[in-house]
Amino acid sequence: MLSKMGKEVTKMVNGGVESKSRKGLPDFLRSVNLKYISKSHFIELAMKSGNFNETSIELQRKLLDQSGIGEESYMPRVVFKPGHKINLRDGREEAAMVIFGAIDELLAATKINVKHVKILVLNCGVLNTTPSLSAMVINHYKLRHNTESYNLGGMGCGAGIIAIDLAKDLLNAHQGSYALVVSTEIVSFTWYSGNDTMLLPPNCSFRMGAAAIMLSSRRIDRWRSKYQLMQLVRTHKGMEDTSYKSMELREDRDGKQGLYVSKDIMEVTRRALKANITTLGRLEPSFEHICVLASSKTVLDEIQKDLKLTEEKMEASRRTLERFGNTSSSSIWYELAYLEHKAKMKRGDKVWQIGFGSGFKCNSVVWKALRNINPPRHNSPWNL
């Protein structure tokens with residue numbers, strides 16, 4: 001799908017990813033423990049929580065060892081608290097921490113007055129509150145009363161690109177505007193505290209994270225924009241029962257909620273990716289860089305094999321998985337930040353971002369660098 005809007009083009013002024021900054025957070029959040037969690041500490045805390053039997057502990061230990069995640073990803077400690085049942089306050093606190101952190105760093109980098117934001121699109125798969133998370137952002141930053149706000153929920157890890165697509169269409173309708181896109185997943189609400197082995201794997205992959213992206217349809221912003229949106233393709237396989245049922249939120253026999261991932265997920269992913277590539281290939285035949293959603297080592301291995309990608313092409317995805325884990329829809333922005341950190345994005349280069357999500361969906365977007373992107377001195381999670 002083209003991003004042309006009359007004579008204008010959707011431009012990414014900047015993107016910011018949450019790097020665990022406390023700046024700008026409400027007082028009650030500044031004391032939250034943001035220290036990263038190692039695999040051994042994960043197991044230690046899981047054992048102390050009293051929620052898991054021996055079989056569940058050993059399964060999670062095995063899954064962590066095979067995950068491709070390193071020793072410095074982030075998790076909310078509240079999920080391990082003995083006798084504690086996750087509640088809305090836990091979810092809202094985590095959401096505020098990662099979302100406000102990402103937006104603060106974005107605004108600092110772009111120097112854009114938040115009052116000039118016309119469009120806000122926020123996506124979060126599992127946590128859907130009333131008021132919405134997008135309303136939380138409006139309240140915190142005191143956005144204008146006529147801000148067009150959208151909150152996307154239940155659309156999984158591929159929703160970040162859907163949010164970009166929606167923002168693009170809205171910018172088409174509101175020429176000369178800014179659109180703020182925020183992508184996140186709230187780990188405290190994907191966490192499963194029971195012993196159904198089918199619901200335990202996501203515990204060992206999902207980690208805290210968020211990304212904020214500023215898009216513009218203002219002519220004057222072209223000189224300072226980083227990227228131009230070239231193509232965006234969305235593929236939905238929900239008409240197929242196997243695909244539709246491959247990922248879902250469900251409850252175990254004790255009423256504990258967890259995320260189920262089918263054993264057919266890799267084949268489902270292949271079919272969706274093939275359909276997406278078939279469409280994209282007719283529109284955009286070449287690119288220099290790839291950001292594949294860093295969901296798991298197994299998925300990255302299989303996609304690399306299927307697409308015959310080099311280790312260099314997979315570097316951003318693998319390093320993101322290792323350092324931050326699966327941050328869901330924000331993952332592809334951590335990967336782009338990695339490419340910038342390594343000074344790999346040169347003027348004219350195209351980067352292909354691929355996201356997958358429940359439903360089942362495969363979405364992809366291609367950006368072209370409008371200039372050489374120098375490694376940021378600040379506002380990058382890779383500087384930590």
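A residue counts as buried when its relative accessible area is under 20%. By that cut-off Trp352 is buried in this predicted model, because its relative accessible area is just 4%. Its ring partner, Phe287, comes out at 22% and so counts as partly exposed. The two ring centres sit 4.7 Å apart with the planes at 50 degrees, which makes the pair tilted. Phe287 belongs to the loop between α8 and β11, Trp352 to strand β12, and 65 residues separate them in sequence.

That pair has company: 11 aromatic pairs turn up across the whole structure. Among them is Phe52 with Trp191, an edge-to-face pair because the planes meet at 80 degrees, with centres 6.1 Å apart. Phe52 comes from the loop between α1 and α2 and Trp191 from the loop between α6 and β7, so this contact ties together parts 139 residues apart in sequence. Both residues are buried, and they join Phe42 and Phe80 in one aromatic cluster. Rings also meet charges: Arg250 lies over the face of Tyr260, at 3.8 Å from the ring centre, and Arg323 does likewise over Phe324, at 4.6 Å.

As for open space, the largest pocket holds about 910 Å³. Its lining takes in 32 residues, with Pro201, Val261, Ile265, Ser296 and Val299 nearest the centre. Elements giving two or more residues to that lining are α2, β10, α8, α9 and β12. By class, the lining has 19 nonpolar, 11 polar and 2 charged residues.

Helix α9 spans residues 297-307, and its buried residues include Val299, Leu300 and Ile303. Just after α9, Lys308 adopts a positive phi of about 55 degrees.

Key
Residues numbered from 1 in each chain as written. Predicted model: local features only at pLDDT ≥ 70, side-chain atom pairs only at ≥ 80, totals over all residues. Heavy atoms only, no water. Buried < 20%, exposed > 50% of the residue type's maximum accessible area, 1.4 Å probe, protein only. Helix = DSSP H or I, 4+ residues; strand = E, 2+ residues; numbered from the N terminus. 1 Å grid on protein atoms, 1.4 Å probe; cavity = no way out; pocket = protein on both sides within 12 Å on 5 of 7 lines; lining within 4 Å. Points joined across faces, edges and corners; volume = space filled by probe spheres on them. Nonpolar A, V, L, I, M, F, W, Y, C, P; charged D, E, K, R; others polar. Phe/Tyr/Trp six-rings, centres within 6.5 Å; stacked < 30°, edge-to-face > 60°. Lys NZ or Arg CZ within 6 Å of the ring centre and 35° of its normal.
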